Amino acid sequence: MRKNIVAGNWKMNKTLDEGIQLAEEVDKLVAQGVPDNTEVIIAPPYIHLAELSKRINTKRVHLSAQNCASEPTGAYTGEISAAMVKSTGAEYVIIGHSERRKYYGETNAILKKKIELALENQLNPIYCCGEVLDQRNANQHFEVVKSQISDALFFLSEEEFSKIIIAYEPVWAIGTGVTASPEQAQEMHAYIRQLVTDRYGEQVAENITILYGGSCKPSNAKELFSNKDVDGGLIGGASLKAGDFYAIIQSV
Ligand code: PEP
């Protein structure tokens, strides 16, 4: 059965003490209850993961990294491997966020290597895709998303692909306050599910979780999540306040 997920991407925010406070607040709220069949994930900075895994109930609030290295181990100063992420107690890793693509030159080929390493280390990838504004204005958004997904994911076996969560995040909506309309989100999510159907068949496509990301907040979450192919959200700014994040979780 398809799972709903709400995941908070903290990006480069919160010191360790602040992170502990936020994670404990989220954990406490989530303990009050979440909608059926809904999983809650937080993605703090790497260096908080091990500590947070001791401080919160990770069966209730699951942990994700925001990235991992494209190499397994060795002389890559400053990098964090998928195995290291796994060893902290994290279960998920965000791969291909548009900020990584834009500021760190991450291509679909690099992301493919990260996906492979994440799966080898029993991490579930949350794979981000989405077009920039110029591409949408030029009506290239479907082609862009198609190549992001097929280049980095469609080499996987059916069993491996079933562990992937896809996050559609139109870049023009991330951190801008401009949200995709529910119709735009549903249109792209249905397109992505069709791509998966064409490659892996209907059963796999039915079960895959596809999240929406981009200026999602308590005031618009319900409308976005009510679409039949939108299975929750990847939340940036609004995940930094426990109350807002919990309100979004309640909207699934
Ligand atoms: C994100 O960075 O994944 C995101 C969706 O950010 P925001 O919610 O702040 O637009």
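**Ligand shell and a helix pair**

Reader: Which residues surround the ligand, and which are closest?

Author: In this predicted model, 14 residues surround the ligand (a heavy atom within 4 Å of it), and the closest are Lys 11, His 97, Glu 169, Gly 175 and Ser 215. Local features need pLDDT of at least 70 and side-chain atom pairs 80 or more, while totals for chains, interfaces and linings use all residues. Residues are numbered from 1 along each chain as its sequence is written, and side-chain values use heavy atoms, without hydrogens and water.

Reader: What lies 2.7 Å from a ligand oxygen?

Author: A backbone N or O atom of Gly 175 does, and so does a polar backbone atom of Ser 215; these are polar contacts, meaning N or O atoms within 3.5 Å.

Reader: How much of the ligand does the protein bury?

Author: The protein buries 95% of the 290 Å² that the ligand exposes when taken alone, by the Shrake-Rupley method with a 1.4 Å probe.

Reader: Switching topic, how do α1 and α12 cross?

Author: The axes (lines fitted to C-alpha atoms over the stretch in contact, with angles from 0 to 180 degrees between N-to-C directions) of helix α1, residues 16-31, and helix α12, residues 242-250, come within 9 Å and cross at roughly 35°. Both are DSSP runs of H or I with at least four residues.

Reader: Which residues meet there?

Author: Including Leu 22 and Val 26 in α1 and Phe 245 and Ile 249 in α12, with contact meaning heavy atoms within 4.5 Å.

Technical notes
A polar contact is a pair of N or O atoms within 3.5 Å; within protein, one must be able to donate a hydrogen and the other to accept it, and residues adjacent in sequence count only if both atoms are side-chain atoms. Helices (H or I, at least four residues) and strands (E, at least two) are DSSP runs, numbered from the N terminus.
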